[in-house]
Amino acid sequence: MVSPGELRLLIELSEGEDEFTPETGPGGAVEYPTAARLLDERDGEVLDVLERFATRGVLEGEFVSKVYSCPECSEQGMQYTTACPACESAHAVETTVAEHRACGLAAPESYFEREDGLVCPECETSLRTDDLDRREQYVCKECEEVFETPEHRLWCRECLYMFPPEETIERALYRYRLTDDGREWTERHRVARETAADSLEERRFEVSVDTTVEGEGTSHPVHVFAEDPLMGERRVVSVAERPTGERVEAFCEIAREVGAHPIVITTTGAVSEDVAERADAAELTLLSARPDGTLDSEYRVGEGAPRGQSLFQRLTAAVDMPAWKTQ
Ligand SMILES: [Zn+2]
Ligand SMILES: [Zn+2]
Ligand SMILES: [Zn+2]
């Protein structure tokens, strides 16, 4: 089932900004600010939502960069640092290291400097400046280890742990836009929502599209909410590609909470067996969105044949549902 927030996000890609670009926030975390603003809290992480639609072929992603997350605390945007191979401290800095060729002592040049000239702290020999070989090396300020190649580490700004890059969580970032199929998919769902709203309006309901309804202590985003204040009748509408039992159950629960009759629209014309059973039991009204945008009372169950219309019409009468235009 496409959530109201998800549909909002896809419609924005279809009609407004045509792509969502990742941005790096202050702490290094990755954000899709426009997309995140469009989603509701219950939709979860924006990155997960975008990836899910990309997997389904609704969105396509163009590779932008990668982000690394902390395996300890999941914080995004780890920072690169070099570290000492002996003690793992990041406080290892590139320094000019001087080596006394005769005895082999290697240390920062300042170690050799005395008031009266250069002296090797190891063998106590007075030195001329060309007795020392100089090269750029790392010196650890924690344990004094001198080394040429530091370890590569990623450092977490949140929990302050350091990890080898391969132990962190790597995630590729993409710039997302709708595929041609995705554009059609979005349009199909948007039209189904609008048609449901229009039909309810014709039945003299006061209709709100893409709104929230107040449940018991929580507000729930819904595709359509319709109320007939005179009759005290309420309807909530959910649009789904292929409604599944679990999602429909959650939607019926919301409908119960707000005292509304649930209407589920399938944009593929198919539903799972348990959803059809609920419809048969008049717990909800099930409709199919046809390719031309009209709503139809026929739907397929599982892989089976279309379920009959007469049964549906009886149910429609039983729950005093709007007479959806059929045929
Ligand atoms: Zn060290
Ligand atoms: Zn020496
Ligand atoms: Zn961390």
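Is Tyr32 buried or exposed? I opened the notebook with this residue, keeping in mind that the model is predicted, and I found Tyr32 buried, because its relative accessibility is 2%.

**Entry 1: aromatic pairs**

I then looked up the ring pairs, of which the structure holds six. One of them joins Tyr32 and Tyr176, with 5.9 Å from centre to centre and 50 degrees between the planes, so that I noted the pair as tilted, given that stacked pairs need planes under 30 degrees apart and edge-to-face pairs over 60. Tyr32 sits in the loop between strand E2 (30-31) and helix H2 (33-38), whereas Tyr176 belongs to strand E14 (residues 169-178), and the pair therefore ties together parts of the chain that are 144 residues apart in sequence. For Tyr176 I read a relative accessibility of 3%, and therefore entered this residue as buried. Following the rings further, I saw that ring pairs link Tyr32 and Tyr176 with Phe63 and Tyr174 into a cluster.

I also looked up Phe53 and Trp185, which form an aromatic pair that is edge-to-face, at 5.8 Å centre to centre and with 70 degrees between the planes. Here too the pair links distant parts of the chain, since Phe53 lies in helix H3 (residues 46-55) and Trp185 in helix H4 (residues 180-202), 132 residues apart. Phe53 is buried, with a relative accessible area of 1%, and Trp185 is buried as well, with a relative accessible area of 6%.

**Entry 2: zinc ion, ligand 1**

Which residues coordinate the zinc ion (ligand 1)? I found Cys84, Cys87, Cys140 and Cys143, each through its SG atom, at 2.2 to 2.3 Å. The angles that these four donor atoms subtend run from 105 to 115 degrees, which is why I entered the arrangement as tetrahedral. Written along the sequence, the donor residues follow the spacing C-x2-C-x52-C-x2-C. Cys84 and Cys140 link distant parts of the chain, 56 residues apart: Cys84 is in the loop between strand E4 (79-83) and strand E5 (92-100), and Cys140 is in strand E10 (residues 132-140). I noted both Cys84 and Cys140 as buried.

**Entry 3: zinc ion, ligand 2**

For the zinc ion (ligand 2) I listed His100 (ND1), Cys103 (SG), Cys120 (SG) and Cys123 (SG) as the coordinating residues, at 2.0 to 2.3 Å. The site is tetrahedral, with angles of 102 to 124 degrees among its four donor atoms, and the donor residues are spaced H-x2-C-x16-C-x2-C in sequence. Because His100 lies in strand E5 and Cys123 in the loop between strand E8 (117-119) and strand E9 (126-127), the pair ties together parts that are 23 residues apart in sequence. I checked the accessibility of both: His100 counts as buried because its relative accessibility is 4%, whereas Cys123 is partly exposed, with a relative accessible area of 31%.

**Entry 4: two open sheets**

How many strands make up the open sheet with the order E6-E5-E10-E11? I counted four strands there, with antiparallel pairing, and I marked strand E6 (106-108) and strand E11 (146-147) as the edge strands, each of which pairs on one side only. E5 and E6 run antiparallel and are joined by three bridges, and within this part of the sheet Val97 stands opposite Pro108 in E6.

A further open sheet has three strands in the order E4-E12-E13, again with antiparallel pairing. Its edge strands are E4 and strand E13 (162-163), each pairing on one side only. Two bridges join strand E12 (residues 151-155) to E13, and these strands run antiparallel; there I found Leu154 opposite Phe163 in E13.

**Entry 5: two serines**

Ser110 has its place in the loop between E6 and strand E7 (113-114), and I entered this residue as partly exposed because its relative accessibility is 48%. Between the C-alpha atoms of Ser110 and Thr96, which are 14 residues apart along the chain, I read a separation of 9.4 Å.

Ser238, in contrast, lies in strand E17 (residues 233-240) and counts as buried because its relative accessibility is 6%. Leaving aside the neighbours within four places in sequence, I listed Met1, His223, Phe251, Ile263, Val264 and Ile265 as the residues in contact with Ser238.

Note on methods. Residues are numbered from 1 along each chain as its sequence is written. Chains are lettered from A and ligands numbered from 1 in the order in which they are written. This is a predicted model: local features need pLDDT of at least 70, side-chain atom pairs count only at pLDDT 80 or more; totals for chains, interfaces and linings use all residues. Side-chain values use heavy atoms; hydrogens and water are left out. Donors are N, O and S atoms within 2.8 Å of the metal (3.2 Å for Na, K and Ca); water is not among the atoms, so sites may look incomplete. Four donors count as tetrahedral if all angles lie between 85 and 135 degrees; four count as square planar and six as octahedral if opposite donors are over 155 degrees apart and all others between 65 and 115; anything else is irregular. Buried means under 20% relative accessible area, exposed over 50%, partly exposed in between (1.4 Å probe, protein chains only). Two strands pair if DSSP finds at least two bridges between them. Contact means heavy atoms within 4.5 Å. Rings of Phe, Tyr and Trp (its six-membered ring) pair if their centres lie within 6.5 Å; planes under 30 degrees apart count as stacked, over 60 as edge-to-face and the rest as tilted.
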